[in-house]
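Work through the exercises below with the model open beside you. Try each task before you read its solution.

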Amino acid sequence: MRKNIVAGNWKMNTTLQEGVGLAKDVNEALSKVNAACDVIICVPFTHLAPVNAVINPAKLGLGAENCADHKSGAYTGEVSASMVASTGASYVILGHSERRQYYGETAETLKEKVALALENNLTPIFCIGEVLEQRENGTYLEVVKAQIEDALFNLSAEDFSKLILAYEPVWAIGTGKTATDDQAQEMHAFIRGVIADKYGKEVADNTSILYGGSCKPSNARALFAKPDVDGGLIGGASLDAESFMGIVEAFN
Ligand code: PEP
């Protein structure tokens, strides 16, 4: 059966020293509770190896926030999937709306990134979600369906089963506006149906679909109670160990 997961996305926040301190705080807090979900932190590239050195991998997973769409070579400033894996990380966020919006990521580049992540045994946390205009003009379901089809439906069922999906309505990211639990459930159930139509019910039922967008301790419990919401991808609230743990504990 699919896993419940709470994953933090630190984005471009924290110095190395602050990040290692935050990772230690989360690790310490997790050592004192029996978390009823998998917990992951996705951190800047510079922080991966030092954070890996201070966390207990049995309790806290580690991921990057992106990887390159090429294997290696003359791509100044890029970080490859194999480099990410060599730090000890096991996950990578791909297709975050900020990457799509500010760095021009397309379905074509994302296909390459997903393939390279999988080749390097990294689990992609693949983000999809509509912008406000698409929510308001009623095209949000077809937009998200196309994002999944265009970047992921080249995968075999075996490879698709290795993914974690994150539905992140762009209008809810960092805005303080959260999708209601019913809006999240509608989309998550729809996504599961799209997966079932392509790969069958078993693959769909086993795919973890996280919600992301201004998720915090005060709204996490209601969101996670919905049958197709399998946890959260957490931005702002993951930068404070106490608020991140408040979301983790929404599963207890
Ligand atoms: C995100 O960017 O993945 C995210 C969910 O951000 P926030 O929680 O800050 O809205």
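**Exercise 1. Find the polar partners of the ligand.**
Task: Which atom of Glu-168 lies 2.7 Å from an oxygen atom of the ligand? Then look at Lys-11 and Gly-174 in the same way.

Solution.
Step 1. In Glu-168 it is a polar side-chain atom that lies 2.7 Å from a ligand oxygen. A polar contact is a pair of N or O atoms within 3.5 Å; within protein, one must be able to donate a hydrogen and the other to accept it, and residues adjacent in sequence count only if both atoms are side-chain atoms.
Step 2. Lys-11 also uses its side chain: an N or O atom there is 2.6 Å from an oxygen atom of the ligand.
Step 3. Gly-174 uses a backbone N or O atom, 2.7 Å from an oxygen atom of the ligand.
Step 4. Now take the cover. On its own the ligand has 290 Å² of accessible area, and the protein covers 95% of that. Accessible areas come from the Shrake-Rupley method with a 1.4 Å probe; for residues, only the protein chains shown count as cover.

Before going on, note the ground rules. The model is predicted: local features need pLDDT of at least 70, side-chain atom pairs count only at pLDDT 80 or more, and totals for chains, interfaces and linings use all residues. Residues are numbered from 1 along each chain as its sequence is written, and side-chain values use heavy atoms, with hydrogens and water left out.

**Exercise 2. Describe the shell.**
Task: How many nonpolar, polar and charged residues does the shell around the ligand have?

Solution.
Step 1. Collect the residues near the ligand, meaning those with a heavy atom within 4 Å of it. There are 14, and Lys-11, His-96, Glu-168, Gly-174 and Ser-214 come nearest.
Step 2. Sort the shell by class: 4 nonpolar, 8 polar and 2 charged. Ala, Val, Leu, Ile, Met, Phe, Trp, Tyr, Cys and Pro count as nonpolar, Asp, Glu, Lys and Arg as charged, and the others, Gly among them, as polar.

**Exercise 3. Check a backbone angle.**
Task: Where is Lys-11 placed? Compare its phi with that of Asn-121.

Solution.
Step 1. Lys-11 sits in the loop between strand E1 (5-9) and H1. Helices (H or I, at least four residues) and strands (E, at least two) are DSSP runs, numbered from the N terminus.
Step 2. Phi of Lys-11 is near 55°, which is positive in a residue other than glycine.
Step 3. Asn-121 is not a glycine either, and has a positive phi of about 60°. Its loop runs between helix H5 (107-119) and strand E5 (123-128).
Step 4. Asn-121 is exposed, at 66% relative accessible area. The cut-offs are: buried under 20%, exposed over 50%, partly exposed in between (1.4 Å probe, protein chains only).

**Exercise 4. Sort the salt bridges by burial.**
Task: Is Glu-130 buried or exposed? Do the same for the partners in two further bridges.

Solution.
Step 1. Apply the rule: a side-chain nitrogen of Lys or Arg within 4 Å of a carboxyl oxygen of Asp or Glu. The count comes to 15 salt bridges.
Step 2. Glu-130 pairs with Arg-135, with the closest N and O atoms 2.9 Å apart. Glu-130 is buried at 0%, and Arg-135 is buried at 12%.
Step 3. Glu-28 and Lys-32 meet at 3.3 Å, N to O. Glu-28 is partly exposed at 44%, while Lys-32 is exposed at 62%.
Step 4. Asp-159 and Lys-162 form a bridge at 2.9 Å between the closest N and O atoms. Asp-159 is partly exposed at 24%, and so is Lys-162 at 40%.
Step 5. Look for a network as well. Salt bridges link Arg-2, Arg-192, Asp-228 and Asp-230.

**Exercise 5. Map the surroundings of Arg-135.**
Task: Which residues does Arg-135 touch, not counting residues up to four places away in sequence?

Solution.
Step 1. Locate Arg-135 in helix H6 (residues 132-136).
Step 2. List its contacts (heavy atoms within 4.5 Å). They are Glu-130, Tyr-140, Tyr-167, Trp-171, Gln-183 and Glu-186.
Step 3. Pick out the polar contact: the side chains of Arg-135 and Tyr-167 make one at 3.0 Å.
Step 4. Compare sequence with space. Arg-135 and Pro-169 are 34 residues apart in sequence, and 8.5 Å apart from C-alpha to C-alpha.
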